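This report looks at one residue of the protein and then at the surroundings of a bound ligand. The sequence and the structure are shown below.

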Amino acid sequence: AKIAEDKLAEIIIEQDELQNRIEEMGREITDAYEPGTELRLVCILRGAVMFMADLSQSINMPVTFDFMEVSSYSGTESTGTVRIIKDLEDAISGEHVLIVEDIIDTGLTLRNVVDMLETRKPASIKVATLLDKPERRDYKHIDVDFNGFEIPDKFVVGYGLDYEEKYRNLPFIGVLEEGEYN
Ligand code: PRP
Ligand code: MN
Ligand code: MG
């Protein structure tokens, strides 16, 4: 983490603040379901890996893990579609699904994932995101059930979030120096 810090303009969410909020989110999620409900956690690769690993430890009910990777069609973002790179391993029909995301930016990824998973007839679908950038939202109709932090429109990295696949391992959320990506 030390090596990366000199490339960051600022840290916007420190490690302890992040962890405290994630524990609180785990309690909120636990309280939102009937006792005894089994929950299928769906991690959207790759950014949500860290968040799902930590969040799941604060959810006090039986959970199972599955993973999905999607990609925006580059250059044709206006079509508003994404393609599945890696689908879920298990069927979700009749299951209570919680989609776990690191960040909602335009909303393109989540809008498409929710639409795809809804066709599979789960018992319920809810969404947990660590970060939300409401200023950037193009896809208005997304219900976010559990949101960790609203953040301003800055290029953030760390705790799963990357710039060119790097910085995912930082234990905090930081803003990259402008020279690092412009
Ligand atoms: C990032 C992030 C979200 C998505 C948010 O993923 O992890 O999944 O973009 O942006 P949107 O709301 O505009 O769709 P990315 O596609 O960079 O893949 P990654 O998780 O592997 O980094
Ligand atoms: Mn992602
Ligand atoms: Mg990314």
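In this predicted model, Arg40 has a relative accessible area of 8%, and because buried means under 20%, Arg40 counts as buried. Arg40 is found in strand E2, which spans residues 39-45, and its side chain is joined to that of Thr64 by a polar contact of 2.7 Å. When the neighbours within four places in sequence are left aside, the residues in contact with Arg40 are Thr64, Asp66, Asp90, Ala91, Ile92, Glu95, His96, Val97 and Leu98.

The second site is the shell around ligand 1. There are 14 residues around ligand 1, of which Glu101, Asp102, Thr106, Gly107 and Thr109 come nearest. By class, this shell around ligand 1 is made up of six charged, four polar and four nonpolar residues. Strand E5 (96-104) and helix H4 (108-118) each supply at least two residues of the shell, and E5 gives the largest share, with four residues.

The table lists distances from polar protein atoms to an oxygen atom of ligand 1.

| Residue | Polar atom of the residue | Distance to an oxygen atom of ligand 1 |
|---|---|---|
| Glu101 | side chain | 2.6 Å |
| Asp102 | side chain | 2.7 Å |
| Gly107 | backbone | 2.7 Å |

On its own, ligand 1 has 490 Å² of accessible area, and the protein covers 77% of that area.

Note on methods. Residues numbered from 1 in each chain as written. Chains lettered and ligands numbered in written order. Predicted model: local features only at pLDDT ≥ 70, side-chain atom pairs only at ≥ 80, totals over all residues. Heavy atoms only, no water. Buried < 20%, exposed > 50% of the residue type's maximum accessible area, 1.4 Å probe, protein only. Polar contact = N/O pair within 3.5 Å; in protein donor to acceptor, adjacent residues only side chain to side chain. Contact = heavy atoms within 4.5 Å. Near = heavy atom within 4 Å. Areas by Shrake-Rupley, 256 points an atom, 1.4 Å probe, with all protein chains shown as cover. Nonpolar A, V, L, I, M, F, W, Y, C, P; charged D, E, K, R; others polar.
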